[in-house]
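Colleague: I am new to reading protein models, and I would like to learn how to go through one step by step. Could we take one together?

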Amino acid sequence: CHHLAVGEMGLRQSISDMDHSTSRAIFYSVLLAVQFGCQPILMKEFVGGRVINASLAFVQEGCKLCIALVVIHLEQGLSRSAKGWTLSSSLRGAALPAVSYSVQNLLMLHAYHNVDFITFNLLNQTKLLSTA
């Protein structure tokens with residue numbers, strides 16, 4: 001009977017963990033949907049022809065970094081996440097994707113100036129299908 005009670009408690013904990021994970025996934029999905037919806041409006045309002053693409057990409061990446069650090073801090077803490085981190089291992093694992101994303105961001109900013117914002121946003125979101 002003891003093993004059955006322990007197993008039932010473990011099952012309840014697993015279900016509770018799944019419920020927590022599911023609610024977090026839904027929350028982040030809603031945030032992503034809001035961002036997708038607001039992006040064309042914000043780009044139309046704030047990105048004019050005189051904006052320097054490289055500076056805008058730099059600000060975007062800085063905002064992404066700040067948001068990522070806040071989420072990491074809220075989820076598990078920065079010191080716990082940085083345990084075992086080294087610069088060389090980080091560069092080995094992230095250098096190529098980081099360069100790819102930087103080039104992609106510059107190309108996207110160039111596209112902002114040449115395509116209407118709604119069309120751009122729809123085309124930009126097709127990358128989700130290709131990466132899924």
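Modeller: What follows is a conversation about confidence, overall layout, core, surface and charged pairs, in that order.

Colleague: Where should I begin, and how much confidence does the protein carry on average, as mean pLDDT?

Modeller: Begin by keeping in mind that this is a predicted model. The mean pLDDT of the protein is 75, and 80% of its residues reach 70 or more. Among the elements, helix α2 has the highest mean pLDDT, 83, whereas helix α1, covering residues 2–46, has the lowest, 69. Within that picture, residues 2–7 deserve particular care, since their pLDDT is below 50 and the stretch has zero contacts in the model beyond near neighbours in sequence.

Colleague: How many helices and how many strands does the protein have?

Modeller: There are five helices and zero strands, so that, read from the N terminus on, the order of elements is α-α-α-α-α. To see how the chain comes back to itself, look at contacts between residues at least 6 apart in sequence: 77% of these join residues that are at least 24 apart.

Colleague: When I look for a core, what is the general idea, and which residues make up the largest nonpolar core here?

Modeller: In soluble globular proteins, nonpolar side chains tend to be buried together. In this model the largest nonpolar core has nine residues, namely M43, V47, L56, A57, M108, L109, Y112, F117 and F120. Helices α2 (53–75), α4 (87–112) and α5 (117–131) each supply at least two of the core residues, and the largest share, three residues, comes from α4. If you want one residue to follow through the core, choose M43, which touches L56, L109, Y112 and F117 when residues up to four places away in sequence are not counted.

Colleague: What percentage of the 132 residues counts as buried?

Modeller: Of the 132 residues, 13% count as buried. The protein exposes about 10600 Å², and carbon and sulfur atoms supply 71% of that area.

Colleague: Which residues make the nonpolar surface patch?

Modeller: The patch, of about 320 Å², is made by L65, L69, I72 and L78. Helix α2 gives the most to it, with three residues, while L78 lies in helix α3, residues 78–81. As for how open that last residue is, L78 has a relative accessible area of 40%, and it therefore counts as partly exposed.

Colleague: Now the charged side chains: what is the general idea, and how many salt bridges does a search of the whole structure find?

Modeller: Side chains of opposite charge can pair when their charged atoms come close. A search of the whole structure finds two salt bridges. In one of them, R24 pairs with E75, with the closest N and O atoms 3.1 Å apart. This pair links distant parts of the chain, as R24 is in helix α1 and E75 in helix α2, 51 residues apart. R24 counts as partly exposed at 32% relative accessibility, and E75 likewise counts as partly exposed, at 37%.

Colleague: And why are E61 and K64 separated by about one helical turn?

Modeller: They are separated by about one helical turn because they stand three residues apart in helix α2. Their side chains meet in a salt bridge, with 3.2 Å from N to O. E61 is partly exposed at 30% relative accessibility, and K64 is partly exposed with a relative accessible area of 45%.

Conventions
Residues numbered from 1 in each chain as written. Heavy atoms only, no water. Core = buried A, V, L, I, M, F, W, Y, C linked by side-chain atoms within 4.5 Å. Buried < 20%, exposed > 50% of the residue type's maximum accessible area, 1.4 Å probe, protein only. Helix = DSSP H or I, 4+ residues; strand = E, 2+ residues; numbered from the N terminus. Contact = heavy atoms within 4.5 Å. Areas by Shrake-Rupley, 256 points an atom, 1.4 Å probe, with all protein chains shown as cover. Patch = residues over 30% accessible without salt bridge, like charges linked within 9 Å, V, L, I, M, F, W, Y side chains within 5 Å. Salt bridge = Lys/Arg side-chain N within 4 Å of Asp/Glu carboxyl O. pLDDT = per-residue confidence, 0-100.
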